[in-house]
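Reader: I've got the sequence and the model open, and I'd like to go through how the descriptions are arrived at. Can we take it one label at a time?

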Amino acid sequence: MKTYFHYIAIITASLALSGCTTFEDIDNGLSNLHGQHIDALVAKIGYPLSQNEVAGRKLYIWDSRKTASYSLPVTTYNSGNVNTYGAYGNTYGTYSGSTTSYVPQVTTYYCTITVEVNAYETIVAAQYNGNIGGCEPYAKAFREE
């Protein structure tokens, strides 16, 4: 149970450190650029990773992926009773203590933004997928004016 609370604490801290980023920043940023030339988005978040054509639609794709590792503290609590028998008599006692070890964890932060443009390179649709750690750089770019 303690491990669960430590894990929640790590997640909460990482969200707090992400600069109060929310997916709302990306929603608003993409909505505000709807109807504008693709160059407005490029100026905001940089060049796309790729460009594809699917079902006659031209798509620009931004993709960000990074792997991070960290150590998660895990505390184990121990307690019990001790009974010893020997030549000089019996002894009874209790013990308690704790040990903390650090378990390596690996996580992947990712974000993919796909934007559809028409023949005039005007943004007509957009979608994104990812987690807050991966989308944070894009959200930050949309927050900056």
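Reader: Which residues in α2 meet which residues in α4?

Author: Keep in mind that this is a predicted model. On the α2 side you have F23, D25, I26, G29, L30 and L33, and they meet I132, C135, Y138, A139, F142 and R143 in α4. By class, that contact has 9 nonpolar, 1 polar and 2 charged residues.

Reader: Why is α2 called oblique to α4?

Author: The two helices, residues 23-33 and residues 132-143, pack at an angle of about 50 degrees, with their axes 8 Å apart. Roughly parallel needs an angle under 35 degrees, and roughly perpendicular starts at 65. An angle of about 50 degrees fits neither range, so α2 is oblique to α4. As for handedness, α2 passes α4 in a left-handed crossing.

Reader: And what makes α3 and α4 roughly perpendicular?

Author: Again it's the angle. Helix α3 (residues 38-45) and α4 pack at about 110 degrees, with their axes 8 Å apart. The range for roughly perpendicular is 65 to 115 degrees, so the pair is given that label. L41, K44 and I45 of α3 make the contact with Y138, A141 and F142 of α4. By class it has 5 nonpolar, no polar and 1 charged residues.

Reader: Why is α4 described as largely enclosed by the rest of the structure?

Author: Count its buried residues, where buried means under 20% relative accessible area. In α4, 9 of the 12 residues are buried, so the helix is largely enclosed. They are I132, G133, G134, C135, E136, Y138, A139, A141 and F142. Over the whole protein, 28% of the 145 residues count as buried.

Reader: How do you know that C111 and C135 form a disulfide?

Author: The cut-off is a pair of cysteine sulfur atoms within 2.5 Å. For C111 and C135 the S to S distance is 2.2 Å, so the pair qualifies as a disulfide. A search of the whole structure finds 1 disulfide.

Reader: What does that disulfide tie together?

Author: C111 lies in strand β3 (residues 89-117) and C135 in helix α4, so the pair ties together parts that are 24 residues apart in sequence.

Reader: Why is the disulfide called right-handed?

Author: The label comes from the torsion about the S-S bond, which is about 90 degrees, so the disulfide is right-handed.

Reader: Are its two cysteines buried or exposed?

Author: C111 has a relative accessible area of 0%, and C135 also comes out at 0%. Set against the 20% cut-off, C111 is buried and C135 is buried.

Reader: What makes K44 partly exposed?

Author: Its relative accessible area is 29%. Buried would need under 20% and exposed over 50%, so K44 falls in between and counts as partly exposed. K44 lies in helix α3. The C-alpha atoms of K44 and R143 are separated by 9.8 Å, with their positions 99 residues apart along the chain.

Reader: Now the loops. What is notable about phi of A55?

Author: Phi of A55 is near 55 degrees, a positive value in a residue other than glycine. You'll find A55 in the loop between β1 (50-54) and β2 (57-86). With a relative accessible area of 76%, set against the cut-off of over 50%, A55 is exposed.

Reader: What about phi of E121?

Author: E121 is not a glycine, yet its phi is positive at about 65 degrees. E121 sits in the loop between β3 and β4 (123-130).

Reader: Why does E121 count as buried?

Author: Its relative accessibility is 16%, and the limit for buried is under 20%, so E121 counts as buried.

Reader: How do you know that A119 counts as exposed?

Author: A119 is placed in the loop between β3 and β4. At 76% relative accessibility, A119 passes the cut-off of over 50%, so it counts as exposed. A119 and R57 are 62 residues apart in sequence and 9.1 Å apart in space, C-alpha to C-alpha.

Reader: To finish, in what order do the elements run?

Author: From the N terminus on, they go α-α-α-β-β-β-β-α, which comes to 4 helices and 4 strands.

Methods
Residues are numbered from 1 along each chain as its sequence is written. This is a predicted model: local features need pLDDT of at least 70, side-chain atom pairs count only at pLDDT 80 or more; totals for chains, interfaces and linings use all residues. Side-chain values use heavy atoms; hydrogens and water are left out. Axes are lines fitted to C-alpha atoms, for helices over the stretch in contact, and angles run from 0 to 180 degrees between N-to-C directions. Angles under 35 degrees count as roughly parallel, over 145 as roughly antiparallel, 65 to 115 as roughly perpendicular and the rest as oblique. A crossing is left-handed if the near helix is turned anticlockwise from the far one by less than a right angle, and right-handed if clockwise. Contact means heavy atoms within 4.5 Å. Ala, Val, Leu, Ile, Met, Phe, Trp, Tyr, Cys and Pro count as nonpolar, Asp, Glu, Lys and Arg as charged, and the others, Gly among them, as polar. Buried means under 20% relative accessible area, exposed over 50%, partly exposed in between (1.4 Å probe, protein chains only).
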